[in-house]
Amino acid sequence: MNSFLASKPEGRIVLFGAPFDSTSSYRPGSRFGPQAIREASHSLETFSPEQLLDLEECPFTDDHDLELPFGDPCPALDLIEQKAARVISHGGVPFLLGGEHLVSLGAIRAASSMYPNLRVVHLDAHADLRDEYLGMRLSHATVMRRVLDLVGQDRLHQIGIRSCTREEHELSSRLSTTPEKVSLLAGENPCYLTCDIDILDPSVLPGTGTPDPGGLSFRELSNLLVSMITRLRVVGMDIVELSPGLDPSGVSAVVAAKLVRESLLALHRAPACG
Ligand code: MN
Ligand code: MN
């Protein structure tokens, strides 16, 4: 079986990896996420019985991994932003594979400068709304606070949060919503969808840097992604925080690869890529 990420070059959906995990505070290793997803994709079919679509019939491009410097996140974020901006300016939809969650900020900056009325939909176990963490304003734990600075409270929507500080909770409960409400609010507005894979229960996906019990099942997240992608005008998305070395069984990478497959197929059905 071929890797389903053996893509066709004409696709408007452009996958690329951002192998960066320099601010990971608990357990690093998400820099190996994009490559593990590609390898795990060999074990999956290209056809989805859920969506009755085959990736063989849904063109997309895999631009492989960016070469990112370690340490200071600023140059890495700049490179991610430039890449996402190039994709968008050519009429494409960037689909970023993390890496730690901070990498999303680069792509969201690019989408936000291209689409001033951008909404951001954030799926995660964690609120990621700290103003700073361990003295850093750019971190996986502050990434959504930086997005909030960028798009404002009315345009950031959080789903699935189950872990936060008391201070974050106050803010997060104002941003918290349901897929139905987001669809109503967003209408035809462009949306960026960012999915921290630790929204899944650790029993489903132990291979992530900051696992938190009490999360979604695979089916719940897969259905959530497909329903959001097909209802919203998604102009960019990401799946981040797979840390494959933390799951010696290799199942976490397969879980992530299957979510990538379902998301690619849903993007193909979605209004932005129809
Ligand atoms: Mn998280
Ligand atoms: Mn996160």
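Helices (H or I, at least four residues) and strands (E, at least two) are taken here as DSSP runs, numbered from the N terminus. By that rule the protein chain has eight helices and nine strands. The model is a predicted one, in which local features need pLDDT of at least 70 and side-chain atom pairs count only at pLDDT 80 or more, while totals for chains, interfaces and linings use all residues. Residues are numbered from 1 along each chain as its sequence is written, chains are lettered from A and ligands numbered from 1 in the order in which they are written, and side-chain values use heavy atoms, with hydrogens and water left out.

The overall form comes first. The C-alpha trace of the protein chain spans about 45 × 40 × 35 Å along its principal axes. The radius of gyration of the protein chain is 17 Å, which agrees with the value near 19 Å for a compact globule of 274 residues; this radius is taken over C-alpha atoms, and the globule rule is 2.2 Å times the number of residues to the power 0.38. Of the 274 residues, 58% are buried, where buried means under 20% relative accessible area, exposed over 50%, and partly exposed in between (1.4 Å probe, protein chains only). The accessible surface comes to about 10900 Å², and 52% of it belongs to carbon and sulfur atoms; the areas come from the Shrake-Rupley method with a 1.4 Å probe, and for residues only the protein chains shown count as cover. A contact means heavy atoms within 4.5 Å. Among contacts between residues at least 6 apart in sequence, 79% join residues at least 24 apart.

Two manganese ions are bound. Donors are N, O and S atoms within 2.8 Å of the metal (3.2 Å for Na, K and Ca), and water is not among the atoms, so sites may look incomplete. The manganese ion (ligand 1) has as protein donors Asp124 (OD), His126 (ND1), Asp196 (OD), Asp198 (OD) and Asp198 (OD), at 2.1 to 2.4 Å. Along the chain these donors follow the spacing D-x1-H-x69-D-x1-D. Aspartate 124 lies in the loop between E6 and H4, and aspartate 198 in the loop between strand E8 (190–196) and helix H7 (218–231), so the pair ties together parts that are 74 residues apart in sequence. Aspartate 124 and aspartate 198 are both buried.

For the manganese ion (ligand 2), the protein donors are His101 (ND1), Asp124 (OD), Asp128 (OD) and Asp196 (OD), lying 2.1 to 2.3 Å from the ion. Their spacing in sequence is H-x22-D-x3-D-x67-D. Histidine 101 sits in the loop between strand E5 (93–98) and helix H3 (103–114), and aspartate 124 in the loop between strand E6 (119–123) and helix H4 (143–151), so this pair ties together parts 23 residues apart in sequence. Histidine 101 is buried, with a relative accessible area of 0%, and aspartate 124 is buried with a relative accessible area of 0%. Aspartate 124 bridges the manganese ion (ligand 1) and the manganese ion (ligand 2), which lie 3.3 Å apart.

H4 has Val143, Met144, Arg146, Val147, Leu148 and Val151 as its buried residues. They pack against H3, E6, strand E7 (156–159), H5 and E8. After H4 comes glycine 152, whose phi is positive, near 85°.

Glutamate 168 belongs to helix H5 (residues 166–175) and is buried, with a relative accessible area of 5%. Leaving aside neighbours within four places in sequence, glutamate 168 is in contact with Ala127, Asp128, Leu129, Arg130 and Ala141; Asp128 is also one of the donors of the manganese ion (ligand 2). Arginine 130 is 38 residues from glutamate 168 in sequence and 6.5 Å from it in space, C-alpha to C-alpha.

Glycine 215 is in the loop between E8 and H7 and is partly exposed, with a relative accessible area of 21%. Not counting residues up to four places away in sequence, glycine 215 touches Arg162, Ile199, Leu200 and Asp201.

Helix H1 (residues 33–40) is mostly covered, with six of its eight residues buried. These are Gly33, Pro34, Ala36, Ile37, Arg38 and Ala40, and they pack against strand E1 (13–18), strand E4 (60–65), E5 and helix H8 (251–269).
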